[in-house]
Amino acid sequence: MSDAIVERDRALFGPLSETGRGFYLTVGVLGLAILWGAIAYAVQWSEGLGVTGLHQPVSWGFYVTNFVFFIGISHAGTLISAILRLSKAEWRRPITRMAEVITVMVLFIGAGQILVDLGRPDRMMNVIQYGRYQSPLLWDATSISAYLTASTFYLYLPLIPDIAILRDHLGKRRWLYAVLALGWRGTERQWKILNRAIAIMAVLVIPIAVSVHTVVSFVFSMTIQPMWHSTIFGPYFVAGAIFSGIAAIIVAMGIIRRIYRLQSYLKPIHFRYLGQLLLVMTLLWFYLTFAEYLTGYYGNEPEEMKVFWSKFTGPFWPFFWAMVVANFVIPMVLLVRLRHHAVGKTVVASAFVVVGMWLERFIIVVPTLSNPRLPFPEGQYWPTWIEWGELAASFGVFILFYVLFVKLFPIISIWEIQEGRDVGLKEVEERLLTYLPDGAADAAMPEREKVLT
Amino acid sequence: MALWGMVIDLDRCTGCQACVMACKAENNVPAVGPKEAARGRIISWMHVLREESEERTRFLPRPCLQCDDPPCTKVCPVYATYRNPEGIVAQIHARCIGCRFCMAACPYNAKYFNWLRYQKEGPGQNPDVSVRPKGVVEKCTFCHHRLQKARERARAEGRDLVAGDYVTACAEACPTRAITFGDLLDEGSEVARLARSPRAFRLGEELGTRPKVFYLAEMEGHRRV
Amino acid sequence: MNEPESAFDRSVRRTQWVLAGLAVLFVTGIVTWIAHLIRTAWRLGDVLSASIGISLVAIPVFLTLGGVIVYVFVGLLTDRSAR
């Protein structure tokens, strides 16, 4: 191996070898956000959950919203990357790693929200020791740990050849890279093992990902509360999760492309394709939202309608309508035509979708609890600085982990880009030929198939 | 085996809150103070709901309805709340992790959370009932400690538990005797008789939770024979 | 590649096997935990069907994950073939 590898994709090694002022500045700012959250949590630990804005009917608020939101974002990665890998979409190459990293980071943060939400975090181990599978919370625990294991491993597998490149060429952190490269030398047998494992994981990770947000929705839909007890919630949450996940990838791509000057790797075409995917998800999200709310409205059950109107015209209207604008109106306007300014348009639309999906989770969790069935006074929930602190720290930790990952590992898969150049081009041509009626591949077709037709 | 239940006659209820106070004293339910109360964090295992209309004001005392098919116990991740063999929905404060899933699942809002540490153990409290720490859920238990005491007394006297041995604090305190308490399986008991009354209904019956607290509907001019 | 192993290589190799061991331990731990939950439900008479139903799906998933992890770790670490 020569240094041609490094020379050719020099831009990808940039973040690993050089550290600028911007890095320390970012880490400093994120550190402040995390500090805010840490102080808030220390106060909450010693005083109790009373320091939040939660109260009698609204016993779940920001933390549970964040839980659903972050777990939703986690669908970005692994799911998208697995689907693109399985469908042999060649344009996936610079994107998959970025997406997979989001999944792993955000899953930790999502699961952490539940711990922050506990009244007695010191008794956390009760869930392990005395857990009972009738509770949807245990379904979440199981499903999320499966997803975390699978997606961490799925992130790690395609990293191995890249880590080996770093071990041989970077000259920094050699021990770390040597350990993580698992003795990778790129032998034929090693490639076979790696490719087979990636293929298995790509298939395995899809049903696990779907199960995760399905059981997250079951936390709500298994109760008999108005506007929670809905059969559509499983698919609705999964669709929303993929929706917010794609948006998160696009935002991350936009930022990384700019900061690390990777314009030649993350091209407008990638944004256009992902933008189209986002547009499809916008429409799907709108369709499911429409189906969900129309069913409630038409049925006109008094308990459902109390919650319904509190969202449409009641105290929650600003959140509800902001959600509709951010999740549907803006993406529709921006994404319908992507021929020009694809990057800017998709990034802006995605930023709105991320906010909109957070609002969607909020608008699902809180209004139902605010409107009890019995004539209790309506609950007005507003978070305190403690909850804002946890929100800020959650984003802070997520971005910090991401930034650190970019410092330690190539955020765009080096070997997959090289494989695209060396093998992908030819493979695509050959594959294309097999699609065509008069392709050259006809001659190579197995006898059996000819007999069948 | 008994199945403990309650009947509350809405015709008799005057909304005097005696049951609420009796419950608080009996079960060491903390007074959270005006600041916390303004934040909507009052703990009141027995709560008198009020519905005001132009013609009249109606009262509805609501303890935990002790559902026979409780939505709250199903969702508990750690077995901190469960339906005991005699139908009482129990809460184990020492086990509860404070996730508040049971509060979100209860259609009657009968579960309460200790948002802060509202009280310490001290004089003037009922020694039979534990003082709850911060961060756990608590609820009406039909004064379960009274059942334990009544059982012990009956055993010491070498007899069976009879009707009237075990009554909740709210039923005992009600000046208009609107609350009747007893064993629903004991056909001859007052509570079983009233629960079969044509006036009897249960809250949210359509939810399938099968509460063991029955209400007798208001009927103007109605007098119990 | 046939030179005697240096101290660096030895520590790397040892850590790699420790990592593999930890991964196996993690998956075994989760499977044991799920089994423990079934036992708890059995002893408390607490909706055994839910525990068994979920474990029927969850345990094979974790075992498959564990299998793939072992396959990769062992396969890559023991590879002695030439390039």
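Which residues in helix 6 of chain A meet residues in helix 12 of chain A? I began my notes with this pair, keeping in mind that the model is predicted.

**Entry 1: helices 6 and 12 of chain A**

I looked up the contact and found that A:Met98, A:Ala99 and A:Ile102 in helix 6 meet A:Ala248, A:Ile249, A:Ala252, A:Met253 and A:Ile256 in helix 12. When I sorted the residues of this contact by class, they came to 8 nonpolar, with no polar and no charged residues. Helix 6 covers residues 96–117 and helix 12 covers residues 233–259, and I noted that they pack at an angle of about 120 degrees with their axes 10 Å apart. The two helices are therefore oblique to each other, and I recorded their crossing as right-handed.

**Entry 2: helix 11 of chain A and helix 2 of chain C**

I turned next to a pair that joins two chains, where helix 11 of chain A (residues 188–221) and helix 2 of chain C (residues 48–77) have axes that come within 10 Å and cross at roughly 165 degrees. An angle over 145 counts as roughly antiparallel, so that is how these two helices are described. Their crossing is left-handed. On the side of helix 11 of chain A, I listed A:Gln190, A:Ile193, A:Ala197, A:Ile200, A:Met201, A:Leu204 and A:Ile208, which meet C:Val61, C:Thr64, C:Val68, C:Tyr71, C:Val72, C:Gly75 and C:Leu76 in helix 2 of chain C. By class, I entered 11 nonpolar and 3 polar residues for this contact, and no charged ones.

**Entry 3: chain C as a whole**

For chain C I noted 2 helices and 0 strands. Its radius of gyration is 19 Å, well over the 12 Å that the globule rule gives for 83 residues, so chain C is more spread out than a compact globule. I also wrote down that its C-alpha trace spans about 60 × 25 × 10 Å along the principal axes, and that 18% of its 83 residues count as buried.

Within this chain I picked out C:Gln16, which is found in helix 1 (residues 7–44) of chain C. Leaving aside residues up to four places away in sequence, C:Gln16 touches A:Val179, A:Leu182 and C:Leu77. C:Gln16 and C:Leu77 are 61 residues apart along the chain, yet their C-alpha atoms are separated by 8.0 Å. I put C:Gln16 down as partly exposed, because it has 19 C-beta neighbours inside 10 Å.

**Entry 4: chain B against chain A**

How many residues does each chain bring to the contact of chain B with chain A? I found 36 residues from chain B and 36 residues from chain A. On the side of chain B, strand 2 (47–52), helix 3 (71–75) and helix 4 (101–105) each supply at least two residues, and helix 4 gives the most, with 4 residues. That side of chain B divides into 22 nonpolar, 5 polar and 9 charged residues.

**Entry 5: two positive phi values**

Is A:Lys88 buried or exposed? I looked for A:Lys88 in the loop between helix 5 (77–86) and helix 6 of chain A, and its phi is near 55 degrees, a positive value in a residue other than glycine. A:Lys88 is exposed, because 11 other C-beta atoms lie within 10 Å.

B:Tyr79, in the loop between helix 3 and strand 4 (81–83) of chain B, has a positive phi of about 60 degrees although it is not a glycine. I noted B:Tyr79 as buried, because it has 20 C-beta neighbours inside 10 Å.

How values were computed: Residues numbered from 1 in each chain as written. Chains lettered and ligands numbered in written order. Predicted model: local features only at pLDDT ≥ 70, side-chain atom pairs only at ≥ 80, totals over all residues. Axes fitted to C-alpha atoms, helices over the stretch in contact; angles between N-to-C directions. Parallel < 35°, antiparallel > 145°, perpendicular 65-115°, else oblique. Left-handed = near helix turned anticlockwise from the far one by under 90°. Contact = placed C-beta atoms within 7 Å. Nonpolar A, V, L, I, M, F, W, Y, C, P; charged D, E, K, R; others polar. Rg over C-alpha atoms; globule rule 2.2 N^0.38 Å. Buried ≥ 20, exposed ≤ 12 C-beta atoms within 10 Å, placed from the backbone.
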